[in-house]
Amino acid sequence: MKKVDLLIVGGGPAGMGAALAAHEAGVQNILIVEREKDLGGILRQCIHTGFGLQYFKETLSGTEYADRFVKLLAGTGIEVRLASMVLDITPKRAATVLSAADGIEEIQAGAVILAMGCRERPRGALNIPGTRPAGVYTAGAAQKYVNINGYMPGKTAVILGSGDIGLIMARRMTLEGATVKMVCELMPFSGGLTRNIVQCLDDFGIPLRLSCTVTEIHGKERVEGVTIAIVDGRLQPIPGTEEFIECDTLLLSVGLIPENELSRAMGLAISPVTGGAVVDNRRETSIPGMFACGNVLHVHDLADYVTVESQIAGRGAASFLKLHEAGEARVSAPIESGNGVRYVVPQKVRTDEAEPVTLYFRVTDIYKNAQVILEKNGEALLKRKRNHFSPGEMETVKLEPEWLSRLTEADKFTVRLEIS
């Protein structure tokens, strides 16, 4: 059995960021296991710009952003296993790894960081009536075909869902000569960043239809068109609003799901809202020595936030290893979401924490002139007014050290909105 101090599952921006932070904190024997043949994760197919503004203070493409971290890893002594799959991990941090080069291998780790990313919700999860013709793709699959493989998915497209990948692919398909007839969004608001709506739709004259969905897919061998309809307040199609749109391609951008099969198999506590593990402010999960970060924890809007969170997990794992798992107090106070807030990460804060703790949260709807309130045991610690809140954009508030002093597990923090 191979032994390592720290095992990191996933070699995307979260895995690489966590490895570098742990290495800087003094962890020497680190192993990254990545199932693809290259590091970088989903960023390898993101040739558009908009990355690095927060972290590097400059505009980079996704590939450039990933390459920065690949180069930082070089010379650190951090071991990387590519084209390797982690089959399972036990609560005692023993992992089974499969690869063509080494076969099946058992690896015992002192600590584990889960950084497997997320996957797209497929057509099968949507229950759209129709046959199964060619021409139905998830937006991420289409992005890979265009940007990596050099294939065009189709010539005339409708996009269902206004997540960031769908918005970006509306622009990408247009630039490659396809006609994008519209982007349909089930909700009365977009799930993507405002800048992507402007740069990817408005700038190219692509209409965004809110409160609208695809109710049927037409075609036998190839998609010939889709039927769309307006939905009511219960998100049900309104009879009589159906409209046939001729197209040969349907792209689905209907949500991302944290890749947590390994997490569930080992018995980690999973949040029903985020779909990721429940963690404390060091990104430690319900199992000691097991950490999670990046899109496997909750879906981020910016890769820069993934990097910041992965560094927290890397330093958290390093701290765990230095204590040799002996006598460490894991007492924590809960952090809950209140009115207008969909979720908060982390969901707990350690009672022995002496550093500021940033809380990441998303709102449930579009709110204008609302106030975010951070409370401790019902008493307001912070109030901050904003002109605009949107579900597609991550928000933050910070727990200051003085609010964490003398904290006990009987205390409770709440993040909520006060809507005027």
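**Aromatic contacts and a pocket**

The charged end of R386 lies over the ring of F389, 5.1 Å from the centre of that ring. This and everything below is read from a predicted model. A second arginine is placed in a similar way: R68 lies over the face of F56, with 4.9 Å to the ring centre.

F56 leads on to the contacts between rings. Searching the whole structure gives nine aromatic pairs. One of them joins Y55 and F56, edge-to-face, with 4.9 Å from centre to centre and 90° between the planes. Y55 has a relative accessibility of 31% and F56 one of 21%, so both count as partly exposed, the class between the 20% limit for buried and the 50% limit for exposed. Another pair is made by Y305 and Y360, again edge-to-face. Here the centres are 5.9 Å apart and the planes meet at 65°. This pair links distant parts of the chain, with Y305 in helix 7, Y360 in strand 23 and the two positions 55 residues apart. Are Y305 and Y360 buried or exposed? Y305 has a relative accessible area of 18% and Y360 has 6%; buried means under 20%, so both tyrosines fall in that class.

Y55 and F56 also belong to a wider group. Together with F51, Y65 and F69, they form one aromatic cluster. R68, the residue over the face of F56, therefore sits against a ring that is itself part of this cluster.

Helix 7 and strand 23 appear again in the second largest pocket. About 250 Å³ of space lies in this pocket. Two or more lining residues come from each of helix 7, residues 303-322, and strand 23, residues 357-363. Which element gives the most to the lining? Helix 7 does, with four residues. The full lining consists of N281, R282, R283, I312, R315, G316, S319, E353, E355, P356, V357 and T358. Sorted by class, five of these residues are charged, four are polar and three are nonpolar. Among the lining residues are the arginines R282, R283 and R315 and the glutamates E353 and E355.

One further residue can be placed by its position. N149 is in helix 3, which covers residues 139-149. Its relative accessible area is 37%, so N149 is partly exposed. N149 and G192 are 43 residues apart in sequence, and their C-alpha atoms are 26 Å apart in space.

How values were computed:
Residues are numbered from 1 along each chain as its sequence is written. This is a predicted model: local features need pLDDT of at least 70, side-chain atom pairs count only at pLDDT 80 or more; totals for chains, interfaces and linings use all residues. Side-chain values use heavy atoms; hydrogens and water are left out. On a 1 Å grid over the protein atoms alone, a cavity is a set of points where a 1.4 Å probe fits but cannot get out, and a pocket is an open set with protein on both sides within 12 Å along at least five of seven lines; lining residues have an atom within 4 Å of a point. Grid points are joined across faces, edges and corners, and a volume is the space filled by probe spheres set on the points. Ala, Val, Leu, Ile, Met, Phe, Trp, Tyr, Cys and Pro count as nonpolar, Asp, Glu, Lys and Arg as charged, and the others, Gly among them, as polar. Buried means under 20% relative accessible area, exposed over 50%, partly exposed in between (1.4 Å probe, protein chains only). Rings of Phe, Tyr and Trp (its six-membered ring) pair if their centres lie within 6.5 Å; planes under 30 degrees apart count as stacked, over 60 as edge-to-face and the rest as tilted. A charge sits over a ring if NZ of Lys or CZ of Arg is within 6 Å of the ring centre and within 35 degrees of the ring normal.
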